[in-house]
Amino acid sequence: MGLFDKLFGTRSQREIKQIQPLVNKILALEDAYKAPFYTHNSETESETRECIERHGLTPCAWFEKMGILDVPTAAAHCVAITEADMEIMKAKNVSAIHNPTSNMKLGSGFAPVPEMLEKGI
């Protein structure tokens, strides 16, 4: 099972609790090396929907719950983010990385760049 599957493929609270030690190790490495965290975030509607089905949260809200956004974070894509996700990103000072070419290739849509800029993301 790959890291992505460990982070997003869970289906129970027990499994989520098993992920937290891995997240804690990642956060400790980031702190030790003063390294930012880079991740894909709500790249597609289906990814966001699946995360909500599995965790009851959007990817952005789940990252926040797991403590991942407590370190400097850059989030790629952000196509299917919600207004609440943008509020989290603003509060946690998350940088958005816009990938229009990749998003066009996937046919996943466009990130709400004007809205993020208005919020100071």
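This tour moves through a predicted model, from its largest nonpolar core to a helix pair and then to three individual residues.

**The core**

Begin by selecting the largest nonpolar core, which has 23 residues; within it, Met89 and Met116 touch the most other members. Colour helix 2 (13–33), helix 4 (59–66) and helix 5 (83–91) next, since each of these supplies at least two residues of the core. Helix 4 gives the largest share, five residues.

Now centre the view on Met89. Once neighbours within four places in sequence are set aside, the contacts of Met89 are Asn41, Cys60, Cys78, Ile81, Val94, Ala96, Met116 and Ile121. Met116, the other residue named above for touching the most core members, is thus also a direct contact of Met89.

**Helix 4 against helix 5**

Keep helix 4 and helix 5 displayed and hide the remainder. The axes of these two helices lie 9 Å apart, and the packing angle is about 40 degrees. Are the two helices parallel or oblique to each other? Angles under 35 degrees count as roughly parallel and those of 65 to 115 as roughly perpendicular; helix 4 and helix 5 are therefore oblique. In handedness, the crossing of helix 4 past helix 5 is left-handed.

Show side chains at this contact. From helix 4, select Cys60, Ala61 and Glu64; from helix 5, select Asp85, Ile88 and Met89. Sorted by class, the contact comprises four nonpolar and two charged residues, with no polar residue. Two of the residues here, Cys60 and Met89, were met before, as Cys60 is among the contacts of Met89.

**Two positive phi values**

Proceed to Ser42, in the loop between strand 1 (37–41) and helix 3 (45–55). Although Ser42 is not a glycine, its phi is positive, at about 50 degrees. Is Ser42 buried or exposed? The relative accessible area of Ser42 is 0%, so this residue is buried.

Then select His77, which belongs to strand 2 (residues 73–77). Here too a residue other than glycine has a positive phi, near 80 degrees. His77 has a relative accessible area of 3% and is therefore buried.

**Thr39 in strand 1**

Finish at Thr39, a residue of strand 1. With a relative accessibility of 14%, Thr39 counts as buried, because buried means under 20%. Which residues surround Thr39 in contact, leaving aside neighbours within four places in sequence? The list consists of Phe63, Thr73, Ala74, Ala75 and Ala76.

Key:
Residues numbered from 1 in each chain as written. Predicted model: local features only at pLDDT ≥ 70, side-chain atom pairs only at ≥ 80, totals over all residues. Heavy atoms only, no water. Core = buried A, V, L, I, M, F, W, Y, C linked by side-chain atoms within 4.5 Å. Buried < 20%, exposed > 50% of the residue type's maximum accessible area, 1.4 Å probe, protein only. Helix = DSSP H or I, 4+ residues; strand = E, 2+ residues; numbered from the N terminus. Contact = heavy atoms within 4.5 Å. Axes fitted to C-alpha atoms, helices over the stretch in contact; angles between N-to-C directions. Parallel < 35°, antiparallel > 145°, perpendicular 65-115°, else oblique. Left-handed = near helix turned anticlockwise from the far one by under 90°. Nonpolar A, V, L, I, M, F, W, Y, C, P; charged D, E, K, R; others polar.
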